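Subject: Structure handover

Hello,

Here is the structure for you to look at. My notes on it follow below.

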Amino acid sequence: MQAHGMRMDQSSQKRRVRDVDPIVIGSLDLRQAYEDHVDGARMNKALKRPAMHAIVQFPKELKVTPENQEKWLKIAVEFINKTHGGDAVFAARFDRDEEGQHTADVFYAPKYTKTTKSRGDEVWISTTKHGKELCEKHREEIERRHDDNFLTGPRQVGIALNAELNNFLKKKGLQLDDRVEKDHGFKDRLSPEQYKVLKERSKREAVLKENQFLKKKVAAVTKENNVLK
């Protein structure tokens, strides 16, 4: 993601459609920003991936302006911090050279204070603690959508975060449609490349249908003219 943010990878070049700098909170140097963020904090030795990445999608109906995108990025950071202990985000950015203009990338390593008799208060990094708490908060929905089973895996955390984001954005004054719950556990998010392919295919199909309609119309007019002769 650091290489992508600095436009050093192939996907960056493929996605670029305009020459506009990103809006950044923190730094594009994610490694250094992460190191500064976790400095002095402890973490379990078994934790192999302490840095997390959230993609916060804003409604595509919203007007795209530099001022709005800066506001959306701040809202995305506020949301992740609010749902992950208050001090989680170490960097965030809004890529503006891609076709999509409503997506914020937020990078975070959630902190919490752990208190023990032997060591007192210590700051720890955890990628699961806050997610489990969110699942507990949305236990009713999770059980309802999993045959009365309560789980705290990635899908369930996603459900809880989705509900939290919907409520959070509404409190910010955004007019949102009611949530539509998935009836399956498969991934339905498309990469920018996949979305672009489907969008182009949809355009081609629309043009093809229009051409077929015009051909039928021309054929009908031609037949009518032949009858009149």
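**Helix 7 and what surrounds it**

Right after helix 7 comes G173, with a positive phi near 100°. Keep in mind that this is a predicted model.

Helix 7 itself passes a simple length check. It has 18 residues, and at 1.5 Å a residue it should span 26 Å. Its end C-alpha atoms are 25 Å apart, so the two values agree.

Many of its residues are listed as buried, among them Q156, V157, I159, A160 and L161. Further along the helix, A163, E164, L165, N166, F168 and L169 are buried too. What do the buried residues of helix 7 pack against? Strand 2, helix 4, helix 5 and helix 6 (139-144).

**The cores**

The largest nonpolar core has 29 residues. V56, F58, I80, A104, V106 and L169 have the most contacts inside it. Two or more residues each come from strand 2 (52-57), helix 4 (66-83), strand 3 (89-94), strand 4 (103-108), helix 5 (129-137) and helix 7 (154-171). Another core lies apart from it, with 10 residues. L30, A41, F107 and I125 are among them.

F58 is a good place to start in the largest core. Beyond four places in sequence, F58 touches W72, I75, A76, H102, A104 and L169. Of these partners, A104 and L169 are themselves listed with the most contacts inside the core.

**Two buried residues with polar side chains in contact**

H130 sits in helix 5. Is H130 buried or exposed? Its relative accessible area is 6%, and the cut-off for buried is under 20%, so H130 is buried. Its side chain reaches the backbone oxygen of K111 at 3.5 Å. K111 also appears among the contacts of H130 more than four places away in sequence, together with T83, H84, G85, P110 and Y112.

E141 lies in helix 6. Why does E141 count as buried? Because its relative accessibility is 7%, and buried means under 20%. The side chain of E141 makes a polar contact with the side chain of R145, at 2.9 Å. Setting aside neighbours within four places in sequence, E141 is in contact with I159, A163, R179 and E181. I159 and A163 are among the buried residues of helix 7.

Best regards

Technical notes
Residues numbered from 1 in each chain as written. Predicted model: local features only at pLDDT ≥ 70, side-chain atom pairs only at ≥ 80, totals over all residues. Heavy atoms only, no water. Core = buried A, V, L, I, M, F, W, Y, C linked by side-chain atoms within 4.5 Å. Buried < 20%, exposed > 50% of the residue type's maximum accessible area, 1.4 Å probe, protein only. Helix = DSSP H or I, 4+ residues; strand = E, 2+ residues; numbered from the N terminus. Contact = heavy atoms within 4.5 Å. Polar contact = N/O pair within 3.5 Å; in protein donor to acceptor, adjacent residues only side chain to side chain. Expected span 1.5 Å × (residues − 1).
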